[in-house]
Amino acid sequence: MGTEVKNGKSVRVHTVYKTKEGERVPGVTTVLGILGKPALIHWAWNLGIEGIDYRKYRDDKADIGTLAHAMVMAHLKGEETDTSGYTENQINLAETCFLKYLEWEDEHDIVPIMLETPLVSEKYRYGGTLDNYCLLDGIPTLLDYKTGKAIYDEYFYQLGGYRELLKEHKSPVKRCMILRLGRDETEGFEVKERTDLKLEIKIFLQCVKVYHLQNELKNKYK
């Protein structure tokens, strides 16, 4: 998944991944969509109890997160961020996320190698667009940026998928890191790092198998 500008607003878009033979394959986030997310159901229920339409709330938060992500990527690429199409409140909150990121970045030396780069696994038949594969303080590192209130295990399953893609493309990874940029002052800032993703990679690759098996079953009974 990458970003592009539509109607003056940066939006996350689903990249179409294809093997060398032209077979369309799922992306990392699509693969992980087979996993249940009971926490989201509880979250939506709580908002309903408070009289809040979870769809509007979700879309507003998603816009803030998308803009914050775009600001980080534009900064790393040496580009300007187009904030047209966003509300003043969304821009202010996204800038709060971005400023937190800059505070973290000031303490490190980052040399980007791949930014928002789409890759495809011919071996396992899936694709993914990683945020940032770089030399972080001289160490080959896979970085992923998240906005929200917490870092979930599923995020590391996602990194496991990206790490496997980089391995297949002969790009070594010594550590994997998630930077969570809170969308306001109450959500804070958090960094979590894992050097060994063996179990996360196994879980992700099992999800790939299940995804393809489910598709085979659908096609069998069309």
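Which strand does Arg 24 lie in? Let's take a look, keeping in mind that this is a predicted model.

## Arg 24 and its surroundings

Arg 24 belongs to strand β4, which covers residues 24-25. The residue is exposed, as its relative accessible area is 60%, and the cut-off for that label is over 50%.

Setting aside residues up to four places away in sequence, Arg 24 touches Val 16, Tyr 17 and Lys 18. There is also a link in space to a far part of the chain to check in your viewer: Arg 125 is 101 residues from Arg 24 in sequence, yet the two C-alpha atoms are 8.5 Å apart.

## A negative patch

Turn next to the surface, where Glu 103, Asp 106, Glu 107 and Glu 185 gather in a patch of negative charge. One of these, Glu 185, sits in the loop that runs between β8 (175-181) and β9 (189-194). With a relative accessible area of 63%, Glu 185 is exposed.

## The protein as a whole

Stepping back, the protein has 222 residues, and 44% of them count as buried. Its secondary structure is made up of 6 helices and 9 strands.

Contacts between residues at least 6 apart in sequence offer another view of the fold: 63% of them join residues at least 24 apart. As for the outside, the protein exposes about 12,400 Å², with carbon and sulfur atoms supplying 52% of that area.

Terms used. Residues numbered from 1 in each chain as written. Predicted model: local features only at pLDDT ≥ 70, side-chain atom pairs only at ≥ 80, totals over all residues. Heavy atoms only, no water. Helix = DSSP H or I, 4+ residues; strand = E, 2+ residues; numbered from the N terminus. Buried < 20%, exposed > 50% of the residue type's maximum accessible area, 1.4 Å probe, protein only. Contact = heavy atoms within 4.5 Å. Areas by Shrake-Rupley, 256 points an atom, 1.4 Å probe, with all protein chains shown as cover. Patch = residues over 30% accessible without salt bridge, like charges linked within 9 Å, V, L, I, M, F, W, Y side chains within 5 Å. Salt bridge = Lys/Arg side-chain N within 4 Å of Asp/Glu carboxyl O. Lys, Arg positive; Asp, Glu negative; His and termini not counted. Charge placed at Lys NZ, Arg CZ, Asp CG, Glu CD.
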